[in-house]
There are 2 protein chains.
Amino acid sequence: MKQETRKEEIISTAAKLFKEKGYSAVTMRDLASAMGMKAASLYNHINSKQQILKEIIISLAEDFTDGLKNIQKSDLTNIQKLQEVVKLHVRITSQNTFGMASLNNDWMHLEEKLDYYLDLRANYEEEFRNIIQKGIENDEIINDNVEVILFSILSTLRSLYLWIPKKEDLNPEELSQQLSKVLINGINKKIN
Amino acid sequence: MKQETRKEEIISTAAKLFKEKGYSAVTMRDLASAMGMKAASLYNHINSKQQILKEIIISLAEDFTDGLKNIQKSDLTNIQKLQEVVKLHVRITSQNTFGMASLNNDWMHLEEKLDYYLDLRANYEEEFRNIIQKGIENDEIINDNVEVILFSILSTLRSLYLWIPKKEDLNPEELSQQLSKVLINGINKKIN
DNA sequence: CAAACAAACTAACAAGTGTTAGTTAAATTG
DNA sequence: CAATTTAACTAACACTTGTTAGTTTGTTTG
C-alpha cells in the first residue's frame, strides 16, 4: 500500500545521481532526464535543488541520532553497545546506500541546515566516544588511544555505503556480526 | 633550495579548495581568487581544470602502487606487511591531506585518465587482499571473512585524510603504531 | 641594450546553470 | 458534467561556467 510519491521518486533518483557524480556535478536537467521529464517539471514537486539535498541528508542524520540515543538508554555492556552501533549503521546504510553517499560527501553544500547537521554530527561522535571511554574505565576495552579507536571504527562504518552494494550476498545480520568481530576482536591469531 | 613553482602552487591551492567543496563546486575564479590573480591568468601555468585534478590524483595513486609493490617484494610476515601498509598510508596522507580528499572523492571526474586510475585502484586492492589471504593460510591472521577484513582496514586507512589534520599532536610514527595495534589486535580486553 | 620570456591583465565567448512564468492536457472530485 | 487539481510542457531569464585571444609589464638573457 505504501507507494512512493512523485516527490520521493525524485529524491531517491537524485540520491542515486548524487552518489555517482556528487551533488554539484548533477544538474537539474540530469535529474529531470533520469526521471523522464523536463527540468522545469521537477519544480511541481520540489522547491529547489538545495531542498533535495537537505531532505536526503537530514533525515538520515536524524535516524543515526535517534538510533544512538536508544542504544545509550539501554543497559547493555559497552562492548554490546558497540555491537548495536554496528548494527545501526549496517541497517540504515543497507536501506539507503545512495543517500549515505550524500551524507558523507555533500554535507558541506547544505547551506542553511549546515549548522544543524554539524551539531548532530558532533553530538553523535561525542556519544560514540563516550561508549568507548566508559568501556575502558569498565575494563571491557583495552586502554588504547580513545581517538584512534573511535576513528577506526567510525571510518569503517561511514564507508559502508561504498561496500554494501558490492557485496549483496551478505545479509545485514551476518555482515553486522562479522564486522563486529573484526572491529572488536581484531584479526591477529596470536595471543600476546 | 627546492622551491614550489607557480604551477605547483596552483595545484596545491586547488587541492585545498577541492577538499573543502569538492572538485565540481570549485570554479576557476575561486581558484584564481585564492591565488590572488584572475582566472585567465591560471592558464599561463596549467592547461585545464581537468589537468589539475589529474595531476593531484594520479601521482598519489602511483605513490600507493609503488609503495605497496615494495612491501610485497620484502620478506616480512604478512602481519608485518600490514603494518607497513598502515605506515605507507599514514606517510602519504600526512604529506598531502588535501590531495587525498580528491583521490577519495573526485576520482570519478578524471575522464581520460579514469580507466588508468581504476586499474591502479583495482590492482592495489587485489594486492592488499593477497596479503590478508596469505596471512590466513599461514596462520597469522584469524580466518574471518577476507572481504570484511580488507574492507574495514582499507576504509580506515582511506579516511585518514579527514582525521590527520585534526590530530596534529600525534606524529606519523606514533599514529602508525597505534593504528596498527587497534586494527590488528582489536580493542577487546577479554581473551576468548 | 635589444630580444625573449614569464606572468599577469582585460574582454569576450559559447555553453550550461537553477529557476520562474505561463500554458496545456489528463485525472479526480463535488 | 463542471470545477479543480495534478503533472507535465515550452520559453525564457539572469547568471555562472571553463576557456581563448590579445595585450601589457617587468625580468632575464644573449
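**Two DNA strands and two touching chains**

In this predicted model, the surface near DNA strand C draws at least two residues from each of several helices: helix H2 (28-35), H3 and helix H4 (49-73) of chain A, together with H3 of chain B. There are 15 residues around DNA strand C, and the ones that come nearest are A:Thr27, A:Ala40, A:Ser48, B:Met37 and B:Ala40. Sorted by class, this surface near DNA strand C holds six nonpolar, five polar and four charged residues.

Now for DNA strand D, which is surrounded by 15 residues, with A:Met37, A:Ala40, B:Thr27, B:Ala40 and B:Ser48 the closest. Here the elements giving two or more residues are helix H3 (39-42) of chain A, plus helix H2 (28-35), helix H3 (39-42) and helix H4 (49-73) of chain B. The class count near DNA strand D comes out as six nonpolar, five polar and four charged.

The chains also meet each other: 37 residues from chain A and 37 residues from chain B take part in the contact. On the chain B side, helix H1 (6-21), helix H8 (146-158) and helix H10 (172-185) each put in at least two residues. That side of chain B splits into 15 nonpolar, 13 polar and nine charged residues.

Then there is the inside. In soluble globular proteins, nonpolar side chains tend to be buried together. The largest nonpolar core here has 97 residues, and A:Leu60 and B:Leu60 are the members that touch the most others. Setting aside neighbours within four places in sequence, A:Leu60 is in contact with A:Ile92, A:Asn96, A:Gly99, A:Met100 and A:Leu103.

Technical notes. Residues numbered from 1 in each chain as written. Chains lettered and ligands numbered in written order. Predicted model: local features only at pLDDT ≥ 70, side-chain atom pairs only at ≥ 80, totals over all residues. Near = placed C-beta within 6 Å. Helix = DSSP H or I, 4+ residues; strand = E, 2+ residues; numbered from the N terminus. Nonpolar A, V, L, I, M, F, W, Y, C, P; charged D, E, K, R; others polar. Core = buried A, V, L, I, M, F, W, Y, C linked by C-beta atoms within 7 Å. Buried ≥ 20, exposed ≤ 12 C-beta atoms within 10 Å, placed from the backbone. Contact = placed C-beta atoms within 7 Å.
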